[in-house]
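Hi,

Here is the structure I promised to send over. Have a look at it first, and then read on for what turned up.

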Amino acid sequence: MRPGGQSRLCGLAGVLIAASCTVLGCAKAAPIRLVEKQAVAGPVFDLRLPPGFPAPLVPADNPLSAAKVRLGRRLFYDRALSGNGTFSCASCHRQELAFTDGRAQAVGSTGELHPRSTMSLANAAYDATLTWADPELRTLEDQARVPMFNRHPVELGLADREEQVLERFRSDPDYVRMFRAAFDAEPVPVTMDSVVGALASFVRTLISGDSPYHRLVYRGEMDALSESARRGMRLFFSERLGCANCHAGFMLSGPVVFEGAAEIEPTFHNTGLYDIDGKGAYPPGNRGLYERTGRPEDMGRFRAPTLSNVAITAPYMHDGSIESLEELVDFYAAGGRLVETGPWAGDGRRNPYKSDLIRGFEIADGEEADLIRFLESLTDPGFLTNPSFSAP
Amino acid sequence: MPKHARAFAALVLALAVASPLALAAGSRSIPEPSQPREEAPRDPIAEAAQHYNWGIKLRNKAWALEEKAANASEEQRPKLEVKIKKQYKKAIREFQYAVEKNPDLHQAFGSLGYGLRKLGRHEEALEAYDQALALASDYAEAIEYRAEAYLGLNRVDEAKDAYIQLFGRSRKEADKLLEAMKAWLERHQQAPGEVDDSAVEAFAGWVEERSEIAGQTASLSDLPLRKW
């Protein structure tokens, strides 16, 4: 074969080899599809989420808008949103206390005592369930109706007074304008559904994520915590104390929901607060999940709330029976509570339905102080004074 | 005809026969998208996608060779490294074609940056990543890749900023970057001089603390799977 011919043969071989590899060799590889970035529909309203906080779930039938949030904020602080015109949502959810009220048990608009403590609304948008022990209450819209229409106890007292209350808003030109702006697609904008939708929208914006702890973890401000608080953080997340077994994630709470998350199983825990009959009973009217399910093992099981701003939201537990952070740490260190006298006397530490996660632990005095410094570092001062959340 | 030439000619003949047969075999043996290189679609968007996909295949070949090199003997490694570089160069060319055809293809800019970084062309890699992130600011992989390019240039502060940016939104990428940081520290602690010792020590302290924080805090993807 002449040299030139060999060269042409090599060239042809090269083309054929390339073509064959394309056809034969690459047939083994799975095709790679270029996935175009999908536009994701999200809320129009800018929640200004802190670093580390995902987008909360927003129901499709109640999308967020600035007009809705504005209306919801006004309603939240308006005493016209109670049967007798003396109470507003803010009566029990005070911003300076991270939207709790500082009481062991809430008091309603007619003076009735609620069996349970007001829960903080900070980051409520992310709670897998709402209130202390209702596995079915999953949305802020559904939850808003509870204090509005509850009869036992009466809270805002709107039951049987809906039209009377709505008339207050209908006769106010400012409110009519605000309802129309917020619910422009509705033929009749001023309705109780709109009130609920607006309130839920406002509460959805109450996001607290700028505490020193959050600044350390999510903003990388390495000197955000004092040395004592940093030691306390190590204790909090230690296996010995086990706090993070129930209080975890970006808001140190129980299970959370957010955009894109897989469905989650809500959880409730009996922490050993009571055992009034030696067989696990909690005080009547405050038996937690048991009141929903009737199952003995659900006696005394309540939701683990967020620890965001915990230093501001005393007293603690579902009935506010623990007054301070020191008492709270001592309670968990003991693995429950011994109530020595009174109608609820009993040893909660021996409650047969107590969670396995409540084991008790050894903690030195200095360590307790460090842990409390850490819990104090969960306070977000900006949230407590943010004018966007204050009375308009 | 010499023996080797006869063998060569036989191979060419075999391939000349095999190729049309394979083409004729139908879609079973032809990957989607099915157009051979000579018949690339004219639509620039589709063309860009095709070049990007080819680039990814070449990059994957480089990865396969890297894995082989990691387990290879001292004698075999240099040859494999030459092959790896070759694959990355080819991949870079494809990604460059892709972004020429579609300047909005952030994935191609990201992958271009990756290829450039693997060849030690860190400054060019940064430019590519910057383009990717200008198009898609939350493109976590590009943030991580760019941070590794920063590490390659000993720009540790920028790498740290990227880590914090990733930590709350993509723990997987943040963890990858933390590992890259640890590898950087190991190299610089074993061969000091390139970077000031006190800077290396300070960075080591930061990495240690961030590792602790990462171990303590659950990622968003872990939360729904957690046992409470």
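Let me start with chain B, where the secondary structure comes to nine helices and zero strands. Read from the N terminus, the elements of chain B therefore go α-α-α-α-α-α-α-α-α, by the DSSP runs used here. Chain B has 228 residues, and 46% of them count as buried. Of its contacts with a separation of 6 or more, 54% are between residues 24 or more positions apart. Please keep in mind that this is a predicted model.

Chain A has twelve helices and two strands. Going from the N terminus, the order in chain A is α-α-α-α-α-α-α-α-α-α-β-β-α-α. Buried residues account for 54% of the 392 residues in chain A. Take the contacts in chain A between residues at least 6 apart in sequence: 66% of those join residues at least 24 apart.

Now for the empty space inside. The count comes to two cavities of 30 Å³ or more. The largest cavity holds about 800 Å³ of space. Its lining is made of 46 residues, and the closest to the centre are A:His247, A:Pro305, A:Leu307, A:Met317 and A:Tyr332. Helix H10 (325-334) and helix H11 (365-376) of chain A are the elements that give two or more residues to this lining. H10(A) provides the largest share, four residues. By class, the lining of the largest cavity splits into 27 nonpolar, 15 polar and four charged residues.

Two of those central residues deserve a visit on screen. Where does A:His247 sit? Look in the loop between helix H8 (227-236) and helix H9 (290-293) of chain A. A:His247 counts as buried, because its relative accessibility is 12% and the cut-off for buried is under 20%. Its side chain reaches the backbone oxygen of A:Leu252 at 3.3 Å. Leaving out residues up to four places away in sequence, A:His247 touches A:Phe236, A:Leu252, A:Ser253, A:Ala304, A:Pro305 and A:Leu307.

The other one is A:Met317, in the loop between H9 and H10 of chain A. A:Met317 is not a glycine, yet it has a positive phi of about 80°. Is A:Met317 buried or exposed? A:Met317 is buried, with a relative accessible area of 13%. That loop between H9 and H10 of chain A also holds A:Pro315, and the peptide bond joining A:Ala314 and A:Pro315 is cis, with omega about -5°.

The second largest cavity has a volume of about 80 Å³. Residues lining it include A:Asp127, A:Thr129, A:His269 and A:Arg303. A:Ser253 and A:Ala304 are also among the residues lining this second cavity, and both of them are touched by A:His247. The lining here divides into four nonpolar, five polar and two charged residues.

On to the open sites. The second largest pocket has about 910 Å³ of space. It is lined by 45 residues, of which A:Thr131, A:Gln143, A:Val146, A:Pro147 and A:Glu155 lie nearest its centre. The elements giving two or more residues to this lining are helix H3 (140-149), helix H6 (192-204) and H9 of chain A. H3(A) gives the most, with six residues. The pocket lining has 25 nonpolar, 13 polar and seven charged residues.

The loop between H3 and helix H4 (162-170) of chain A has some backbone oddities too. A:Pro153 is found there, and the peptide bond from A:His152 to A:Pro153 is cis, with omega near 5°. A:Asp160 is in that loop as well. A:Asp160 has a positive phi of about 65°, although it is not a glycine. At 65% relative accessibility, A:Asp160 counts as exposed.

Last, the cysteines. How many disulfides are there over all chains? The count is zero. Why is A:Cys92 not bonded to A:Cys89? A:Cys89 has the closest cysteine sulfur to that of A:Cys92, but the distance is 8.9 Å, so it is too far for a bond. A:Cys246 has a similar story: its closest cysteine sulfur, in A:Cys243, is 9.1 Å away, too far for a bond. A:Cys92 counts as buried at 15% relative accessibility, and A:Cys246 counts as buried at 10%.

Cheers

How values were computed: Residues are numbered from 1 along each chain as its sequence is written. Chains are lettered from A and ligands numbered from 1 in the order in which they are written. This is a predicted model: local features need pLDDT of at least 70, side-chain atom pairs count only at pLDDT 80 or more; totals for chains, interfaces and linings use all residues. Side-chain values use heavy atoms; hydrogens and water are left out. Buried means under 20% relative accessible area, exposed over 50%, partly exposed in between (1.4 Å probe, protein chains only). A polar contact is a pair of N or O atoms within 3.5 Å; within protein, one must be able to donate a hydrogen and the other to accept it, and residues adjacent in sequence count only if both atoms are side-chain atoms. Contact means heavy atoms within 4.5 Å. On a 1 Å grid over the protein atoms alone, a cavity is a set of points where a 1.4 Å probe fits but cannot get out, and a pocket is an open set with protein on both sides within 12 Å along at least five of seven lines; lining residues have an atom within 4 Å of a point. Grid points are joined across faces, edges and corners, and a volume is the space filled by probe spheres set on the points. Ala, Val, Leu, Ile, Met, Phe, Trp, Tyr, Cys and Pro count as nonpolar, Asp, Glu, Lys and Arg as charged, and the others, Gly among them, as polar. A disulfide is a pair of cysteine sulfur atoms within 2.5 Å.
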